[in-house]
Amino acid sequence: MDRDEVDRRADDAAMAVREARWEDARDAYADVLASRPGADALDGLGRALWWLGETAAAVETRTRAYAAYRRAGRDDDAVRIATWLAIELAATPGREAISRGWLGRAERLAAGSDAAAQDRLALARSALETDPVRIADLADAALAAARERGDAALEIRALARSGLGLVRSGRSAAGIERLDEAMAAASAGEAEEPEVFAETCCDMVAACEETLDGRRLEQWGGVAERFLRLRPHPALLGFCGSCCAGVLAARGDTSGAEHWLIWTIERLEAGGHAARCVDPRARLAELRVAQGRIEEAERLVTGIEARPESVRAMVAIHLSRGESGVASSVLHRRLAKLGRDSIAAILILAMLVLVQVERGDLSGAEASAALLRRLAEESGEEAHRALAEVGAGRVALARGDSSAAVDGLRSAVERYDRIGTPLEAARARTMLARALAVEGDPESAVAEARSAAAVLDRAGLVAEADAADAFARSLGGRGRVGPKRVGTLTKREHEVLALVAEGLSNAEIAERLFISTATAGHHVSNLLAKLGVRSRTEAAMHAHLLRSG
């Protein structure tokens with residue numbers, strides 16, 4: 001190509017990036033590089049490749065861009081690329097040393113670069129930091145500089161990171177205020193880069209999950225969905241899949257959450273991406289345990305056991321197998337990393353109380369419940385107070401003080417209802433039913449257990465629904481009969497059920513019905529939950545019964 005044509009293709013590439021047309025950007029940058037190799041084109045190509053899911057090629061290409069910037073004496077851009085490489089490689093298991101090497105290189109170069117490069121580096125350190133106080137301090141330094149220079153992208157990201165650090169260090173109100181502001185700016189499109197919106201959503205979801213703030217998660221989830229409809233970035237959907245699932249799960253839509261998780265897992269695996277915030281496999285494993293599909297859950301967490309978000313699924317798996325000692329070890333290891341006095345330890349302490357009661361360690365459970373109550377009061381979050389009440393109720397019930405257990409668990413149910421977390425309210429109701437039965441009020445116990453079973457059943461959490469239902473029946477209550485939700489199967493799910501009965505795999509079902517493998521898997525998961533069965537074999541048996549009936 002002649003010079004004018006190369007310039008035109010470079011303009012095409014830049015426009016494609018602004019409009020998030022990543023395939024067009026990749027092709028245009030490739031044309032430019034074929035005629036005029038340069039750092040900017042390598043940088044742009046690497047960015048396009050990353051959004052297209054070609055992670056290894058993106059890292060290689062941007063590494064070449066870094067070297068080209070260094071040769072050209074453009075150290076500010078070299079710092080930017082080195083920082084990106086440090087964060088990207090930190091998200092890939094087994095690349096931590098390489099990530100630290102790039103961070104060290106970025107820091108050395110930034111010492112002689114302009115203030116903007118150093119500010120971006122402060123934000124990068126915040127992203128790689130685990131101490132919540134340090135996260136907030138580093139982000140605050142970047143935030144002040146961004147506002148002084150009018151750098152919208154850096155300001156939004158620094159606001160969100162600072163907010164998350166504040167939430168994790170126990171200053172939830174101030175942290176959430178900053179996250180709300182960051183989400184408002186990101187969803188308004190103040191920064192052109194789609195990464196800014198995606199990463200800000202990740203921080204908001206993480207904060208809402210840690211504070212169990214389902215209503216805020218749902219409100220911002222709706223804003224995010226509208227943003228994505230108005231600015232369609234297909235790759236952005238894959239980036240935010242776990243976040244979308246978190247929004248749906250918070251309002252009790254486990255079927256929708258399951259769909260997003262399965263779809264996101266397939267997208268990440270196909271593109272070679274690592275999960276950026278919450279690994280969808282860990283969240284799907286939690287759901288599988290609640291559905292009673294333990295072996296599937298165990299397969300999902302294999303290889304990601306070290307990730308913090310896997311702890312809940314791993315503990316649930318061990319408890320389902322009667323391995324309370326192993327579950328206790330998992331929780332104590334996590335507590336040692338978080339610090340027992342950290343607000344971030346609240347969810348772990350709540351699980352530890354359950355495990356200690358299961359093991360008969362009531363003195364340990366009392367100590368954990370007392371610490372949980374103190375931390376919940378420090379955080380001031382309604383959801384944390386509800387968790388503390390459930391923990392105290394669990395211990396009181398184990399000690400034989402059913403009156404105290406009933407009072408605490410009723411208060412927890414009311415709190416969960418107020419903040420809009422129906423599944424947590426149902427789980428607390430299941431415990432309340434047991435306390436009422438010990439208190440000598442079987443009628444109220446049956447009512448609470450049946451109410452909990454109905455909510456859990458609608459959510460497809462078959463194992464938990466069955467447990468609540470069995471308890472109601474043990475007290476003389478009328479239970480559920482037959483396949484629990486067969487009447488709600490859609491026409492497509494009936495078709496999939498027939499193919500499952502033939503022994504077809506998800507890939508074979510997809511080929512037969514002209515749908516994607518992910519969609520086939522979604523339909524299979526839905527019908528297993530609706531039928532109240534735990535395996536494809538049991539589903540096939542139900543299909544046979546339906547045909548013969």
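At 67% relative accessibility, K337 counts as exposed, because the cut-off for that class is over 50%. The model that gives this value is predicted. K337 lies in helix α19, which spans residues 324-338. Its C-alpha atom is separated by 9.5 Å from that of T130, although K337 and T130 are 207 residues apart along the chain.

The chain as a whole is helical in its secondary structure, with 30 helices and zero strands. Of its 549 residues, 53% count as buried. Among contacts with a separation of 6 or more, 59% are accounted for by residues 24 or more positions apart.

The interior can be taken next. The largest nonpolar core has 66 residues, and V315, L331, L349 and Y416 are those with the most contacts inside it. Helix α24 gives the most to this core, with eight residues. A second core, separate from this one, has 39 residues and includes V6, A39, W51 and A58.

L331 shows how one residue of the largest core is surrounded. Leaving aside neighbours within four places in sequence, L331 is in contact with V311, V315, I348, M351, L352 and V355. Several of these partners come up again in the packing of two helices, α18 (residues 311-320) and α20 (residues 346-359). The axes of α18 and α20 are 11 Å apart, and the angle between them is about 10°. The two helices are therefore roughly parallel to each other, since angles under 35 degrees fall in that class. On the α18 side the contact is made by V311, R312, V315 and L319, and on the α20 side by L347, I348, M351, L354, V355 and E358. By class, this contact has eight nonpolar residues, two charged residues and no polar ones. V311 and V315 of α18, together with I348, M351 and V355 of α20, take part in this contact, and these five residues also touch L331.

A second helix pair involves α24, the helix that gives the most to the largest core. Helix α22 (residues 382-399) and helix α24 (residues 422-439) have axes that come within 11 Å and cross at roughly 30°. That makes α22 roughly parallel to α24. The crossing is left-handed. From α22, the residues V390, G393, R394 and L397 meet A428, M431, R434, A435 and V438 of α24. These residues divide into six nonpolar, one polar and two charged. The spacing within each helix can be read against a general rule: an α-helix has 3.6 residues a turn, so residues three or four places apart point the same way.

E439 is also found in helix α24. At 39% relative accessibility, E439 counts as partly exposed. Not counting residues up to four places away in sequence, E439 touches S402, S403 and V406. The C-alpha atoms of E439 and S403 are separated by 6.5 Å, with their positions 36 residues apart along the chain.

Helix α16 (residues 280-290) is mostly covered, with nine of its 11 residues buried. The buried residues of α16 are P280, A282, R283, L284, A285, L287, R288, V289 and A290. Two arginines, R283 and R288, are thus among the residues that count as buried in α16, where the cut-off is under 20% relative accessible area. Just after α16, G292 takes a positive phi of about 85°.

Key. Residues numbered from 1 in each chain as written. Predicted model: local features only at pLDDT ≥ 70, side-chain atom pairs only at ≥ 80, totals over all residues. Heavy atoms only, no water. Axes fitted to C-alpha atoms, helices over the stretch in contact; angles between N-to-C directions. Helix = DSSP H or I, 4+ residues; strand = E, 2+ residues; numbered from the N terminus. Parallel < 35°, antiparallel > 145°, perpendicular 65-115°, else oblique. Contact = heavy atoms within 4.5 Å. Nonpolar A, V, L, I, M, F, W, Y, C, P; charged D, E, K, R; others polar. Left-handed = near helix turned anticlockwise from the far one by under 90°. Core = buried A, V, L, I, M, F, W, Y, C linked by side-chain atoms within 4.5 Å. Buried < 20%, exposed > 50% of the residue type's maximum accessible area, 1.4 Å probe, protein only.
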